[in-house]
Amino acid sequence: MRALRSMVDKIDVRAIRNYHLNKITFIIHRLFYGLSDTKQPFFTGLLKCHTNERLGDTMLMGYMRVSKGDGSQVLDLQRDALLEADVLSEHLYEDFASGTNDERQGLKTCLKALRQGDTLVVWKLDRLGRNLRHLINTVHDLSSKNIGFKVLTGQGAQIDTTTSQGKLVFGIFAALAEFERDLISERTKAGLASARARGRKGGASYKMTHAKLRLAAAAMGKPETKVSDLCKEIGITRQTLYRYVAPDGSLRESGKKLLKKA
């Protein structure tokens, strides 16, 4: 026992503590400054490596758009085509808005996510937009940032803005897309004008008929008539009723015009 106590007394506790402290300090220093003699922090190097890898990658970003968001139009066809073109699902952006609307939130988010070397992919040229000026400005901004633009199908399917020929093709098909839209608009207006000339008008048919108008006028002349019950019985709204019939049962101008058409 005396021999063991003598050995313990000879141990320098302070030296052991300093040794371990030096070891811990050395490990922390290496974690922050690496194994080299430079003073560049190790974690800073990791961050730079991650940034360089992102800048060196070429990522495909997909954009989808339909004009209506009421469920009558879906994005399934565009999504399937973009996924088949190797665009990852997490890199797909969408909008439910008209192509003539330049202020689309999905498109804005997609353009902000694009980096140098990336490529924006759309199913058809008109999915990006139907306004020639907006198309040209968008693709020009992408090209100035060294970002590619590709169209998968339809008019402009061979567009590749990384080449001079692709830029020329883009300009031609963008003009055709706007020209086609203008033709559709002109045909629609011409058709409506032709229908009006033949006495037909577009839009939904009037809910107020001659029979309903006579019934409403007769009922409104009676003090005991409840307007809500009358509207429910003949299937019109209160606004429609008062558009044709006054509260005293007399016909308004719209009611007189309707009876003249009989």
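In which helix do Asp76 and Arg79 both lie, and how many residues apart are they? Both are in helix α4 (residues 76-84), three residues apart, or about one turn of the helix. The legends below describe close-up views of a predicted model.

**Figure 1. Asp76 and Arg79 form a salt bridge within helix α4.** The closest N and O atoms of the pair are 3.7 Å apart. An α-helix has 3.6 residues a turn, so residues three or four places apart point the same way. Asp76 is partly exposed, with a relative accessible area of 45%. Arg79 is also partly exposed, at 27%.

**Figure 2. Arg79 of helix α4 meets Glu94 of strand β2 in a salt bridge.** The N to O distance between the two side chains is 3.2 Å. This pair links distant parts of the chain, since Arg79 belongs to helix α4 and Glu94 to strand β2 (residues 92-96), 15 residues apart. Glu94 has a relative accessibility of 35% and counts as partly exposed. Asp76, Arg79 and Glu94 are thereby joined in a network of salt bridges.

**Figure 3. Asp126 and Arg127 are paired in a salt bridge.** Their side chains meet at 3.1 Å, N to O. Asp126 is buried, its relative accessible area being 17%. Arg127 counts as buried as well, at 10% relative accessibility. A search of the whole structure finds four salt bridges, and the pair of Asp126 and Arg127 is one of them.

**Figure 4. Asp95 in strand β2 is buried without a salt bridge.** The nearest side chain of opposite charge is that of Arg104, 5.0 Å away. Because a salt bridge requires a side-chain nitrogen within 4 Å of a carboxyl oxygen, Arg104 at 5.0 Å does not form one with Asp95. The side chain of Asp95 instead reaches the backbone nitrogen of Gly106, at 2.9 Å. Leaving aside residues up to four places away in sequence, Asp95 touches Tyr63, Met64, Arg65 and Val66, together with Arg104, Gln105, Gly106 and Leu107.

**Figure 5. Helix α7 has buried residues on one side and exposed residues on the other.** The helix comprises residues 132-144, 13 in number. From its first C-alpha to its last it reaches 18 Å, close to the 18 Å expected at 1.5 Å a residue. Its buried residues are His134, Leu135, Thr138, Val139 and Leu142. They lie on the same side of α7 because they cover an arc of only 120° around the axis. Arg133, His140 and Ser144 are exposed on the other side. After the helix comes Asn146, which has a positive phi, near 60°.

**Figure 6. Leu111 of helix α5 contacts Thr138 and Leu142.** Leu111 sits in helix α5 (residues 105-113) and is partly exposed, with a relative accessible area of 28%. Apart from residues up to four places away in sequence, Leu111 touches Leu120, Thr138 and Leu142. Of these contacts, Thr138 and Leu142 are among the buried residues of α7. The C-alpha atoms of Leu111 and Asp141 are separated by 9.8 Å, the two residues being 30 apart along the chain.

Conventions: Residues are numbered from 1 along each chain as its sequence is written. This is a predicted model: local features need pLDDT of at least 70, side-chain atom pairs count only at pLDDT 80 or more; totals for chains, interfaces and linings use all residues. Side-chain values use heavy atoms; hydrogens and water are left out. Helices (H or I, at least four residues) and strands (E, at least two) are DSSP runs, numbered from the N terminus. The expected span of a helix is 1.5 Å times one less than its number of residues. Buried means under 20% relative accessible area, exposed over 50%, partly exposed in between (1.4 Å probe, protein chains only). The arc is that of the directions from the helix axis to the C-beta atoms. Contact means heavy atoms within 4.5 Å. Lys and Arg count as positive and Asp and Glu as negative; His and the chain ends are not counted. A polar contact is a pair of N or O atoms within 3.5 Å; within protein, one must be able to donate a hydrogen and the other to accept it, and residues adjacent in sequence count only if both atoms are side-chain atoms.
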